[in-house]
Amino acid sequence: MNPGTRRGAARWADPAPAPQPRIDVLIPTAGRTAELAVTLAGLAAQQDPPFAVIISDQSEEGVDRAPAVCAMMRVLEAEGRPVELRRHLPRRGMAEQRQFLLDCASADRVLFLDDDVWLEPGALGRLDAAMSEAECGLVGYAVQGLSHLGDVRPEETERFEPWPHGQVAPERVRPWLDAFERWPLHNAANPAHLARQQRLRDDDRLLYRIAWIGACVLFDRRALVEAGGFEFWRRLPPQHAGEDRVAQWRVMERAGGAGVLPSGAVHLEAPTTVTDRRVEVSDIVFPRPDADPGPPPPDDDPDPSPPDPDPSPPDPDPEPSPRRKEALMPEQPNPVQIQKHLGGVDYPASKQDLLRVAKDAGADQAVCDALDGLPDREYDSPTAVSEQLGDS
């Protein structure tokens with residue numbers, strides 16, 4: 001087998017310089033060593049294109065204390081894949097950690113890869129080729145939980161829509177727009193079921209419309225930087241969620257974005273390390289047009305016209321105004337926030353089943369209260385739960 005730009009075992013002691021990285025793989029981590037080792041092992045199986053790995057470590061003791069992590073870092077280095085491990089403390093939230101990683105990158109393309117995602121061999125090359133063909137701002141694999149392979153959810157894949165002829169165009173996504181309703185596409189093992197429905201082969205690349213993609217997204221680095229990256233972290237409290245989709249929406253409305261099938265990314269189904277999800281970043285950066293959150297932030301974009309390609313500089317003051325503080329703590333979580341805690345539900349499910357799974361997933365009291373307020377009946381799908389929550 002041709003290893004491509006990856007050095008095979010016969011050349012691990014070769015002192016030749018590594019090829020110039022085409023992609024910087026950016027991995028934020030905090031306290032996950034077993035999962036991170038699996039993620040690095042998946043990267044070690046990738047042949048092309050040449051890439052480097054940059055890890056931002058916010059663990060208390062440092063992930064380099066774990067033998068498995070160190071072993072996989074050494075394998076990558078031997079293969080000609082440079083690895084840079086950076087301790088980055090104190091913790092200021094996921095948006096700041098992602099911006100730190102972006103600031104460390106220099107390759108033309110950056111892959112933001114969560115520390116609990118395994119890539120099958122060849123996945124990185126297919127993703128890179130998809131971006132080259134589409135000439136867009138971002139492409140990504142929706143991570144799939146293989147424990148759900150027997151859990152077919154046709155009601156969640158009804159909004160599947162390929163980009164015509166693979167031609168990706170700029171698109172605007174907000175929680176109040178129709179495009180947002182595509183979010184159930186990436187639940188459970190839906191990507192695997194979609195690939196089967198489309199009769200795709202392993203080396204096919206089908207690009208489709210998305211609401212956003214979590215955990216495995218390849219950006220054109222220049223497009224991400226020009227869209228402002230994650231600089232909005234300065235306006236957020238340390239505990240927040242949804243920073244990835246806000247950055248993606250900014251890139252998508254300038255340069256377009258797409259999901260790629262078949263997805264070569266597997267979620268390890270470990271518990272989330274972001275347990276406080278009361279603050280959704282999109283509520284801060286993109287408040288609803290009918291809301292009154294106070295003066296709009298400098299890089300807010302309430303105008304439906306195409307955005308200025310040169311975004312305004314971020315607010316240098318990380319402390320939000322008193323009115324903004326009220327907006328940071330919504331009393332009622334929205335259905336999308338709640339569904340994040342219901343990934344392990346076996347439908348049909350009762351209200352008690354939903355509560356049990358949400359509590360096991362670390363849901364806060366606001367989420368539990370919202371679920372406890374549901375009618376006491378059986379729900380046959382996540383869509384049924386969301387619809388009922390929306391009516392509550």
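A residue is termed buried when its relative accessible area is under 20%, exposed when that area is over 50%, and partly exposed in between (1.4 Å probe, protein chains only). In this predicted model, local features need pLDDT of at least 70 and side-chain atom pairs count only at pLDDT 80 or more, whereas totals for chains, interfaces and linings use all residues. Residues are numbered from 1 along each chain as its sequence is written, and side-chain values use heavy atoms, with hydrogens and water left out.

The protein chain contains 13 helices and twelve strands; these elements are DSSP runs numbered from the N terminus, with helices being H or I runs of at least four residues and strands E runs of at least two. Of the 392 residues in the protein chain, 55% are buried. The accessible surface of the chain amounts to about 17,600 Å², with 50% of it belonging to carbon and sulfur atoms, as computed by the Shrake-Rupley method with a 1.4 Å probe. Among contacts (heavy atoms within 4.5 Å) with a separation of 6 or more, 83% are between residues 24 or more positions apart.

Confidence was assessed by pLDDT, the predictor's confidence in each residue on a scale from 0 to 100. The mean pLDDT of the protein chain is 87, and 87% of the residues reach 70 or more. Over residues 293-331 pLDDT stays under 50, and the model has 58 contacts beyond four places in sequence for this stretch.

A search of the whole structure yields 28 salt bridges, each defined by a side-chain nitrogen of Lys or Arg within 4 Å of a carboxyl oxygen of Asp or Glu. Glu 79 and Arg 6 form one such pair, with the closest N and O atoms 4.0 Å apart. Because Glu 79 lies in the loop between α2 (67-78) and β3 (83-87) and Arg 6 in the segment before β1 (23-29), the pair ties together parts that are 73 residues apart in sequence. Glu 79 is buried at 3% relative accessibility, and Arg 6 is buried with a relative accessible area of 13%.

A salt bridge also joins the side chains of Asp 115 and Arg 32, at 2.9 Å from N to O. Asp 115 is located in the loop between β4 (109-113) and β5 (117-119) and Arg 32 in the loop between β1 and α1 (34-44), so parts 83 residues apart in sequence are tied together. Asp 115 is buried at 5% relative accessibility, as is Arg 32 at 8%.

Glu 253 and Arg 174 pair through their side chains at 3.2 Å, N to O. This salt bridge links helix α7 (residues 243-255), which holds Glu 253, to the loop between β6 (138-140) and α5 (190-197), which holds Arg 174, the two residues being 79 residues apart. Both Glu 253 and Arg 174 are buried. Elsewhere, Glu 161, Glu 171, Arg 182 and Arg 209 are joined into one network by salt bridges that share partners.

The structure holds zero disulfides, a disulfide being a pair of cysteine sulfur atoms within 2.5 Å. Cys 70 is buried, with a relative accessible area of 18%, and Cys 104 is buried at 18% relative accessibility.

Leu 124 is found in helix α4 (residues 123-134) and is buried, with a relative accessible area of 1%. Beyond its neighbours within four places in sequence, Leu 124 contacts Ile 23, Gln 46, Asp 48, Pro 49, Phe 51 and Leu 111. Leu 124 and Pro 49 are separated by 75 residues in sequence and by 7.4 Å in space, C-alpha to C-alpha.
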